[in-house]
Each structure stands twice: as C-alpha cells, then as structure tokens.
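Please open the model in your viewer and keep the selection panel at hand. The stops below say what to select next and what is found there.

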Amino acid sequence: MTDTVFTRGGGWLPRVVREDGELRLMLGAGADANHEPRTFTFPIGAAHLPVIRENLARHLLLWSAVVPLCEAAGTRGDLDQDAAVALLDPILLSAPVEVDALFRRIRWDRSRLVAHGADTDLLERGQVYEAMRTATERPDEKRAQEYQADRRRAERGMVLGPLDAQILRYTGQYVHGATIPRRVPDAVDPALLPRVLRVIATAERASAGMRIGLDPRRGRRATDRRDWDRMAAVVDAAVRRAYPELVDDAVRTVSFLLCSEAADRSRDAPTDDDGEAVDGRRDDDGEADDGSAGKAALPFTDDKGDGQQWSAAGPRTASAAFWEFVADRSAADNEVFTIEDEERGEGIQLHFYADSVARITTVRPGEAGSAPQYRVEYSLVDGIAGYRDLVHAFVRGGCAALDQHGPWTSDVAEFERTRRRRDARA
C-alpha cells in the first residue's frame, strides 16, 4: 500500500510516499513503449524528508539530478536505485559549495531548473545552488524552451540582440524555427514593437507585387518553390541592407513570414482566380478565359492511363480543369500528362520528371487501315510557370501557338544532350 507523505504543487515534482513502512521518493520521468510517462521510486531516509519539505531549491535540484537516471532506464529498464540514493546526501544535506561540485560531475536536467525560475546566468557559471534562490514552485515551461533555444543558437555561434529576439517573438519562432510563422504583436516588448514593425514594413515594400503560386505537380496545396526562393531572396536582401546588425535567424524569420502569407493567399484563392492557371484573363462577362470557350472538349490523360475529358459545358476553364487533374494524380510514379485537341489533331505531353514537353502534330491521318503519321518535337521547360504558359498557349492556339516557347527539335538524341547539359548546370 502506498500513502502520500508530502507533495508540493500537485504537479510533476517528486513526492514522498510511504510503501510498506518505508519512505520513498516517487517521480514520473522518461516514457514507456506507448510514450506514457514511467513512474519510479527509490528509498530516502528520515533526515531527507524535512529538507524536501522545507527547501524548494534542494527539492528541485534533487529532481534535476534524478531525471537523467530515469531516462537512462529507457522504456522498460529499472532505475539504478544505488545511483539515485547516492545523490540524496550530497544534494539535500551538503554545503552549497559541495552541491555545486557535485553538479559539475553528474548529468542533470537543466531545463527543469530553468522552468522553475533558476537564474540562468548563475547556472552558466556553475553556481547552481545560488541560482536556485529565485526558484518558484510553479514552472514556466516557455522560459525553459526559450533558454534551450538560445543554447542551441549559441552552439551555432549565434547570440540574439534585443531586436533579433523581439522579431522572433513577433513571428512566433523564438523557440522553434520550423513553426509556421504568424504575426503576434502582443508577444513583443511594447518598447521595441515599433522597431519590429519597421523591419516588417521594409520586407513588405521589397516584396510588394510578388506572389507565390501553386505547383499542382506536388498536390493541390503545394507552392512553387522557385517563387518562394525568389521572394525570400528579395526580402532577405532588403532587410539585410536596411538592418545589417540583425542575425540570420531574425532575417530568415521575416522572409519565412512574408513567403508563408503569400503562399496562403494562393492556396485560399479559387482555382479559376489563381492568376497562374488562366493568366488572370477574363472575358466580357467577367469569367476566366483561357481561350477554350470555342472548343467542345479536350481529353486529359496521365501516365497510368487514367483520363478525364474537359467539356465546354462545364463550369471550369480547360486550363483550370487540367491543373486540377494534375494536382489530384501527380506522384513520383505518375509524372507524364497529356492534353489532346482532337479537332486539330494535336496534343502536348508534359514530362514533369524531366522538365520537358513534347508537342505532337498529326501530319497525315490514318486512312484505309494505315497508321497515322505524327511529328513529335521536344523542348525544355523552366519550372511550373513555364508549364502553365505552355498549357495556356496550347489551349488557346494549338501547337502553332507554342512556337515562341521553343526552341523545338525533333532530334531526340540532340534533345537529350541538351537536357543533360542543363541538368548538369543546375
């Protein structure tokens, strides 16, 4: 039977229990195979209980020293109770100088102490006992997370200045650089908020009019990486020029914020209003117009033989319908898509895996059982923007409208050499 003898705060701090008449310290730490916290206990003496009860600082120090032993037990191992018991007297009963000496020799959980108010400057200087004079019973996990983030930056040789820190807080990326950035002005020191907003305004002026389109080759909501990189480079250059004192993390979080917002605007726009899908053109009725209005139908197919037929009677333009078809089906093993114009006897085949395209023209239709004769010409394509231009031009004017998107060649061997040279330069 287990009875609680002393607990502090009702949280994760270790509590003293009595099991079969023996005093033991109980704590949760580490995790089992199901990622649930494990519970460990080890014996303590009668002299240790009043110290744990009356001295928050020593209680916390003991906790931070035992946690690594619990983590070492893994998901199923036993706690090294001899090592845990060996920590009791040096931490709970020894002089402060001896406590500091112990913490220079053992592993300990620094973040636990920081969360509970330890003076981080004193911790860094090895004055662990003195650092706990500011200890609090209630933890501040955000403080510990920010401290760990600063230590990781220090390992990279980066120290944040006041403006750097507030910019990272404004974007919500102080702790985790991979977090999707957002605008959080309330997280910023009010005295520095105007300076932060001036940095953001510099980035906004530099990127005004730029957009990050979608890349349906990678799914319905994937963004165009080239657009992203282009916008990020413009923002980075402008911010570094205006604020050369900012560290890389602060500059990067500003460009990440502006690029994320631009990408979200594209994701949230209706497909026919995307601008890229139909080049922003509209007819007299205000509807998106890609030149397909006069066509009855255009078949689309992918590399797996699946197909879809666009009809002029439907609500979508041919270009928008085609890119939606691509977004739904494109995958690592499905990277060739075709559009046919049966009335003209023409088609284009997009090779996403090679950043290339083939245009196919019927030279002589099949007659009296003979096979039709086709002319196939190849050209390189510059990213998703190039593909969008090609599709738009083909829908509007067939293969003849693609002349300006060349050069085109029917020599397959020469085309492959050209493609390899381009890829080698990339």
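Begin by selecting aspartate 355, which counts as partly exposed because its relative accessibility is 23% (buried means under 20% relative accessible area, exposed over 50%, and partly exposed in between, with a 1.4 Å probe and protein chains only). Aspartate 355 lies in the loop between strand 8 (346–351) and strand 9 (356–364), and its phi is near 50°, a positive value in a residue other than glycine. Helices (H or I, at least four residues) and strands (E, at least two) are DSSP runs, numbered from the N terminus.

This is a predicted model, in which local features need pLDDT of at least 70 and side-chain atom pairs count only at pLDDT 80 or more, while totals for chains, interfaces and linings use all residues. Residues are numbered from 1 along each chain as its sequence is written, and side-chain values use heavy atoms, with hydrogens and water left out.

Next, widen the selection to the open sheet of six strands, whose order is 6-5-7-8-9-10 with antiparallel pairing (two strands pair if DSSP finds at least two bridges between them). Its edge strands, each pairing on one side only, are strand 6 (307–311) and strand 10 (373–380), and the twist averages 20° from one strand to the next (axes are lines fitted to C-alpha atoms, for helices over the stretch in contact, and angles run from 0 to 180 degrees between N-to-C directions). Within this sheet, strand 7 (residues 336–341) pairs with strand 8 over six bridges in the antiparallel sense, and threonine 338 stands opposite glutamine 349 in strand 8. Add helix 14 (residues 318–329), which packs on the sheet and touches strand 5 (297–302), strand 6, strand 7 and strand 8, its direction making about 15° with that of strand 5 (contact means heavy atoms within 4.5 Å). Helix 15 also packs on the sheet, touching strand 5, strand 7, strand 8 and strand 9, and its direction makes about 170° with that of strand 8.

From helix 15 (383–397), follow the chain into the loop that leads to helix 16 (412–425), where proline 407 lies; the peptide bond from glycine 406 to proline 407 is cis, with omega near 10°.

Now select helix 12 (residues 225–242), whose buried residues are Asp227, Trp228, Met231, Ala232, Val235, Ala238 and Val239. Seen down the axis of helix 12, these buried residues fall within an arc of 135°, so they line one face of the helix (the arc is that of the directions from the helix axis to the C-beta atoms). They pack against helix 11 (193–206) and helix 13.

In helix 13 (residues 248–268), pick aspartate 249, which is buried, with a relative accessible area of 10%. Not counting residues up to four places away in sequence, aspartate 249 touches Arg153, Arg156, Met158 and Leu168.

Finally, turn to the open sheet of four strands, ordered 1-2-3-4 with antiparallel pairing, whose edge strands are strand 1 (2–6) and strand 4 (37–43). Strand 3 (residues 22–31) runs antiparallel to strand 4 and is joined to it by seven bridges, and the bridge partner of leucine 27 in strand 4 is phenylalanine 40. The last selection is aspartate 20, in the loop between strand 2 (15–19) and strand 3, which counts as exposed at 74% relative accessibility.
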